[in-house]
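Let's take a walk through this one together. Have the model open and turn it as you read.

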Amino acid sequence: MIVSIVVSALLLIGAALVALAGFGILRLPDPLTRASAVSKAAALGLLLIIVAAIIDDRSPWAVLVLVLVLIAHLVTVPLSGLALARASYRSGTAKPPVTTVDEPFEQGRM
Amino acid sequence: MEVPVIVVDISLVLIVAGALAAIVRAAIGPSRADRVVAAELGFIAAVSALVLIAIRLDEPVLFDFALIAVLIGFLTTIGLARLVTRKRSDLSGESS
């Protein structure tokens with residue numbers, strides 16, 4: 001009973017976070033904030049759903065595969081978030097009318 | 001399998017809402033970076049839906065698909081981001 005309630009709460013919070021990331025990707029004003037919404041909110045939502053699946057399905061093979069999914073997701077999410085932000089900067093959509101500070105330009109790295 | 005089916009169904013509906021938002025942003029996105037961000041959200045929604053369908057049908061085999069989808073999604077995001085980055089530096093003649 002307790003397990004059922006915990007799994008249900010984790011599933012609903014995770015799915016609500018993914019839906020919230022969808023809301024953010026529609027409402028936020030520029031690509032940097034949209035990349036932030038996807039690489040934080042949606043990533044945390046998937047994390048909670050995987051943890052709920054680990055608690056729900058306790059057979060050893062499923063737990064092994066799901067822990068591998070969890071590790072792969074935790075390792076790759078910061079890298080893809082960095083790649084998204086870097087792509088939106090390098091494609092010229094995050095210049096000073098959008099952002100107030102442009103540190104890579106000031107330090108002569110662009 | 002102890003979770004109520006209706007909870008999994010509600011979660012699937014919420015994830016479909018997120019995926020629809022990603023589709024809309026990929027269609028109207030003003031820049032290429034917006035479309036890459038929308039593709040990343042689409043991948044995360046697809047993996048979440050895979051895990052939820054595995055719970056719903058009680059088929060642990062589908063978790064293997066989730067593992068492969070996470071890795072492929074990461075590679076695709078990196079590739080698309082590099083493509084967006086490479087495009088402008090090719091046009092302006094800078095080295096990346």
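Start with helix 3 of chain A, which bends by about 30° at Thr76(A). Look a little further along and you'll find a proline, Pro78(A), within four residues of that bend. Keep in mind that this is a predicted model.

What does the bend leave of the span of helix 3? This helix of chain A covers residues 60-90, and its 31 residues should span 45 Å at 1.5 Å a residue. The C-alpha atoms at its ends are 45 Å apart, so the span agrees with what you'd expect. Just after helix 3 of chain A comes Gly92(A), with a positive phi of about 85°.

Now hop over to chain B and find the loop between helix 2 and helix 3, where Asp58(B) sits. Most residues other than glycine have a negative phi. Asp58(B) isn't a glycine, yet its phi is positive, near 55°. Is Asp58(B) buried or exposed? Exposed counts as 12 or fewer other C-beta atoms within 10 Å; Asp58(B) has 10, so it is exposed.

Finally, see how the chains meet. The contact takes 49 residues from chain A and 47 residues from chain B. On the chain B side, helix 1 (5-28), helix 2 (32-57) and helix 3 (62-92) each supply at least two residues. Which of the helices of chain B gives the most to that side? Helix 2 does, with 16 residues. By residue type, the side of chain B that touches chain A divides into 34 nonpolar, six polar and seven charged residues.

Notes:
Residues are numbered from 1 along each chain as its sequence is written. Chains are lettered from A and ligands numbered from 1 in the order in which they are written. This is a predicted model: local features need pLDDT of at least 70, side-chain atom pairs count only at pLDDT 80 or more; totals for chains, interfaces and linings use all residues. Two residues are in contact if their C-beta atoms, placed from the backbone, lie within 7 Å. Ala, Val, Leu, Ile, Met, Phe, Trp, Tyr, Cys and Pro count as nonpolar, Asp, Glu, Lys and Arg as charged, and the others, Gly among them, as polar. The expected span of a helix is 1.5 Å times one less than its number of residues. The bend at a residue is the angle between axes fitted to the seven residues ending there and the seven starting there. A residue is buried if 20 or more other C-beta atoms lie within 10 Å of its own, exposed if 12 or fewer, and partly exposed in between; C-beta atoms are placed from the backbone.
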